[in-house]
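Student: I should like to learn how the features of a protein model are read. Could you guide me through this one?

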Amino acid sequence: VVGASILTTVLINLLLPAVPFFFALVQRCLLPCLSRTIRTQALLNEVFLGPEFILSARYGSFIAILFVCFLYSSGMPIMLLAVSLYSALAYIVDKVTLFR
């Protein structure tokens with residue numbers, strides 16, 4: 001019972017880094033419609049600007065998930081899969097966010 005709640009918490013935290021990425025993806029799909037209504041270049045630049053990348057929050061989240069998964073991985077080996085999925089997802093989201 002305790003393992004299921006810990007795994008659920010880790011899986012929820014696994015999906016949280018992708019939320020801003022999906023909002024940016026939806027915004028990018030809607031940009032052609034938005035760009036027609038905006039009249040000034042300064043407002044248009046704000047629309048095309050990506051989300052703010054806060055490195056300290058991302059690093060803290062990564063270290064917390066890594067610590068929890070490694071701590072409980074001896075009793076629940078599926079935590080190693082969770083931390084590898086989190087690492088891959090965080091890498092993809094950070095790469096697209098920074099270098100789009």
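**Reading the model step by step**

Tutor: Let us begin with a single residue, Leu-15, which is placed in helix α1. Please keep in mind that the model is a predicted one.

Student: Is Leu-15 buried or exposed?

Tutor: The relative accessible area decides the matter, and a value over 50% counts as exposed. Leu-15 has a relative accessible area of 54%, so this residue is exposed. Its C-alpha atom is separated by 8.2 Å from that of Leu-89, although the two residues stand 74 residues apart along the chain.

Student: What is the span of helix α1, and what span is expected?

Tutor: Helix α1 covers residues 2-15, which makes 14 residues. From the first C-alpha to the last it reaches 21 Å, close to the 20 Å expected at 1.5 Å a residue.

Student: Which residues of α1 are buried?

Tutor: The general idea is that an α-helix has 3.6 residues a turn, so residues three or four places apart point the same way. In α1 the buried residues are Ile-6, Leu-7, Val-10 and Leu-14. Seen down the axis of α1, they fall within an arc of 95°, and therefore they line one face of the helix. Their cover includes α4 (55-72) and α5 (78-98). As one case, Leu-7 is in contact with Ile-78 and Met-79, when neighbours within four places in sequence are left aside. Ala-4, which also lies in α1, counts as partly exposed at 48% relative accessibility.

Student: How does α5 read by the same steps?

Tutor: At 1.5 Å a residue, its 21 residues should span 30 Å, and the end C-alpha atoms of α5 are indeed 30 Å apart. The buried residues of α5 are Met-79, Ala-82, Val-83, Tyr-86, Ala-90, Val-93 and Asp-94. Because they cover an arc of only 100° around the axis, they are on the same side of α5.

Student: Which residues make up the largest nonpolar core?

Tutor: In soluble globular proteins, nonpolar side chains tend to be buried together. Here the largest nonpolar core has 11 residues. They are Ile-6, Leu-7, Val-10, Leu-14, Ile-65, Cys-69, Met-76, Met-79, Ala-82, Val-83 and Tyr-86. Helices α1, α4 and α5 are the elements that give two or more residues to this core.

Student: How many aromatic pairs are there?

Tutor: A pair of aromatic rings is described by the distance of the centres and the angle of the planes. The count for this model comes to one aromatic pair. Phe-62 and Tyr-86 form this pair, with 5.8 Å from centre to centre and 20° between the planes, and the arrangement is stacked. The pair links distant parts of the chain, since Phe-62 is in helix α4 and Tyr-86 is in helix α5, 24 residues apart. Phe-62 is partly exposed, with a relative accessible area of 28%, whereas Tyr-86 is buried at 1%.

Student: With which side chain does the side chain of Arg-58 make a polar contact?

Tutor: Arg-58 lies in helix α4, and its side chain makes a polar contact with the side chain of Asp-94 at 2.5 Å. Leaving aside neighbours within four places in sequence, Arg-58 is in contact with Pro-17, Phe-53, Ala-90 and Asp-94.

Student: Where does Ser-73 lie?

Tutor: Ser-73 is found in the loop between α4 and α5. A residue is called buried when its relative accessible area is under 20%, so Ser-73, at 15% relative accessibility, counts as buried. The side chain of Ser-73 reaches the backbone oxygen of Phe-70 at 3.1 Å. Ser-73 also touches Met-79 and Leu-80, not counting residues up to four places away in sequence.

Student: How should I read a distance along the chain beside a distance in space?

Tutor: The two values are stated side by side for a chosen pair. Cys-29, in helix α2 (residues 18-37), is exposed at 59% relative accessibility. The C-alpha atoms of Cys-29 and Ile-65 are separated by 31 Å, with their positions 36 residues apart along the chain counted as the sequence separation. Likewise, Ala-4 and Val-47 are 43 residues apart in sequence and 41 Å apart in space, C-alpha to C-alpha.

Definitions and conventions:
Residues are numbered from 1 along each chain as its sequence is written. This is a predicted model: local features need pLDDT of at least 70, side-chain atom pairs count only at pLDDT 80 or more; totals for chains, interfaces and linings use all residues. Side-chain values use heavy atoms; hydrogens and water are left out. Helices (H or I, at least four residues) and strands (E, at least two) are DSSP runs, numbered from the N terminus. The expected span of a helix is 1.5 Å times one less than its number of residues. Buried means under 20% relative accessible area, exposed over 50%, partly exposed in between (1.4 Å probe, protein chains only). The arc is that of the directions from the helix axis to the C-beta atoms. Contact means heavy atoms within 4.5 Å. A polar contact is a pair of N or O atoms within 3.5 Å; within protein, one must be able to donate a hydrogen and the other to accept it, and residues adjacent in sequence count only if both atoms are side-chain atoms. Rings of Phe, Tyr and Trp (its six-membered ring) pair if their centres lie within 6.5 Å; planes under 30 degrees apart count as stacked, over 60 as edge-to-face and the rest as tilted. A nonpolar core is a set of buried Ala, Val, Leu, Ile, Met, Phe, Trp, Tyr and Cys residues joined through side-chain atoms within 4.5 Å.
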